[in-house]
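Thanks, everyone. Please look at the next slide while I talk.

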Amino acid sequence: MIALAAEMRKTGGADCVAARIGGDEFGVVLSANCDALTAPRLRANLKSGIVCSIGATGKPVFVSASVGAAFYPDDGTTVSELLESADKSMYAQKRGLSVA
């Protein structure tokens, strides 16, 4: 899981923070001063998949993701509110309802 978070951080850029929240859920936090294209680009990259080496064998593993986005302060002002908004966004994206 550390390797996967590291690949997500690379995809998000130098100011990005990526961490496992629990189970198969990860959170990615982008800098407030990133450009307007960074979040959509990160979503597209993660949805199309990333490859990372996991485990003792170091064999490459392909992983894709459903991504929910939340923007401070529009989608919430607390961590709890932002996580809830991102979770709702992710499920909408999985159902094909998200336009973000």
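I'll go through the core, the strands, the helix α3 and a few loop positions.

Ground rules. This is a predicted model, so local features need pLDDT of at least 70 and side-chain atom pairs count only at pLDDT 80 or more, while totals for chains, interfaces and linings use all residues. Residues are numbered from 1 along each chain as its sequence is written, and side-chain values use heavy atoms, with hydrogens and water left out.

Some terms. Helices (H or I, at least four residues) and strands (E, at least two) are DSSP runs, numbered from the N terminus. Buried means under 20% relative accessible area, exposed means over 50%, and partly exposed is in between, with a 1.4 Å probe and protein chains only.

Core first. A nonpolar core here is a set of buried Ala, Val, Leu, Ile, Met, Phe, Trp, Tyr and Cys residues joined through side-chain atoms within 4.5 Å. The largest one has ten residues: Leu4, Ala5, Met8, Ala18, Phe26, Leu42, Leu46, Ile50, Cys52 and Val67. At least two of this core's residues come from each of α1 (2-12), α2 (38-48) and β3 (50-53). Helix α1 gives the largest share, three residues. As background, nonpolar side chains in soluble globular proteins tend to be buried together.

Now strand β3. Its side chains alternate. Ile50 and Cys52 point to one face and are buried. Val51 and Ser53 point to the other and are not. What is Cys52 in contact with, leaving aside its neighbours within four places in sequence? The list is Ala3, Leu4, Glu7, Lys59, Pro60 and Val61. Contact means heavy atoms within 4.5 Å.

On to pairing. Two strands pair if DSSP finds at least two bridges between them. β3 and β4 are antiparallel, with four bridges. In that pair, Ser53 stands opposite Pro60 of β4. In the loop between β3 and β4 (60-63) we find Thr57. Thr57 is exposed, at 61% relative accessibility. Its C-alpha is 34 Å from that of Ser31, and the two are 26 residues apart along the chain.

The other pair is β1 (residues 17-22) with β2 (residues 25-29), antiparallel, joined by five bridges. Val17 is bridged to Val29 in β2. Arg20 is bridged to Phe26, also in β2. These strands make a hairpin with two residues between them. Gly23, in the turn, has a positive phi of about 55°.

Stay on β2 for Val28. Buried or exposed, or partly exposed? Val28 is partly exposed, because its relative accessibility is 28%. Not counting residues up to four places away in sequence, Val28 touches Met8, Cys16, Val17, Ala18 and Leu42. Met8, Ala18 and Leu42 are among the core residues I listed. Val28 also sits 8.7 Å from Ala5, C-alpha to C-alpha, with their positions 23 residues apart in sequence numbering.

Next, a loop detail. Pro73 is in the loop between β4 and α3. The Tyr72 to Pro73 peptide bond is cis, with omega near -5°.

Last, helix α3, residues 79-94, where Val79 lies. Val79 is exposed, with a relative accessible area of 62%. With Ile21 and Leu83, Val79 forms a nonpolar surface patch of about 300 Å² accessible area together. Patches take residues with over 30% relative accessible area and no salt bridge, joining like charges within 9 Å and nonpolar side chains (Val, Leu, Ile, Met, Phe, Trp, Tyr) within 5 Å. The areas come from the Shrake-Rupley method with a 1.4 Å probe; for residues, only the protein chains shown count as cover.

How many salt bridges does a search of the whole structure find? One. The cut-off is a side-chain nitrogen of Lys or Arg within 4 Å of a carboxyl oxygen of Asp or Glu. The partners are Glu84 and Lys88, at 3.3 Å, N to O. They are four residues apart in α3, so about one helical turn separates them. Glu84 is partly exposed at 45%, and Lys88 is exposed at 56%.

Ala92 is in α3 too. Ala92 is buried, with a relative accessible area of 16%. From Ala92 to Val67 is 9.6 Å between C-alpha atoms, across 25 residues along the chain. Val67 belongs to the largest nonpolar core.
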